[in-house]
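Trainee: Could you take me through one small part of this model up close? I'd like to see how a single side chain sits in its surroundings.

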Amino acid sequence: MNMLIYLIPIALLMGGIGLLAFLWSLKSGQYDDLEGAAWRILVDDETDRKKS
């Protein structure tokens, strides 16, 4: 039972850190272009043709 005195604050601290990391990623624009990477795979670049 004494371990809960340590485990509960540690769990709350880790949850808070995770929440702050998620909010930071939202603020820095990590989720702005969700479909761009998928479309870039399908598009042929002119630079790829010049290398061949």
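Mentor: First, a bit of vocabulary: a residue is buried under 20% relative accessible area, exposed over 50% and partly exposed in between (1.4 Å probe, protein chains only). This is a predicted model, where local features need pLDDT of at least 70 and side-chain atom pairs count only at pLDDT 80 or more, while totals for chains, interfaces and linings use all residues. Residues are numbered from 1 along each chain as its sequence is written, and side-chain values use heavy atoms, leaving out hydrogens and water.

Let's zoom in on Ser25. Ser25 counts as buried because its relative accessibility is 8%. Across the chain's 52 residues, 4% count as buried. For contrast, look at Leu12, which also belongs to helix 1: Leu12 is exposed, at 62%.

What's around Ser25? A polar atom of the Ser25 side chain lies 2.7 Å from the backbone oxygen of Phe22. Setting aside neighbours within four places in sequence, Ser25 touches Gln30 and Tyr31 (contact means heavy atoms within 4.5 Å).

Now zoom out a little. Ser25 sits in helix 1, residues 3-27; helices here are DSSP runs of H or I with at least four residues, numbered from the N terminus. With 25 residues at 1.5 Å each, helix 1 should span 36 Å, and its end C-alpha atoms are indeed 36 Å apart (the expected span is 1.5 Å times one less than the number of residues). After helix 1 comes Gly29, with a positive phi near 90°. Altogether the chain has 3 helices and 0 strands, running α-α-α from the N terminus.

Terms used:
Helix = DSSP H or I, 4+ residues; strand = E, 2+ residues; numbered from the N terminus. Polar contact = N/O pair within 3.5 Å; in protein donor to acceptor, adjacent residues only side chain to side chain.
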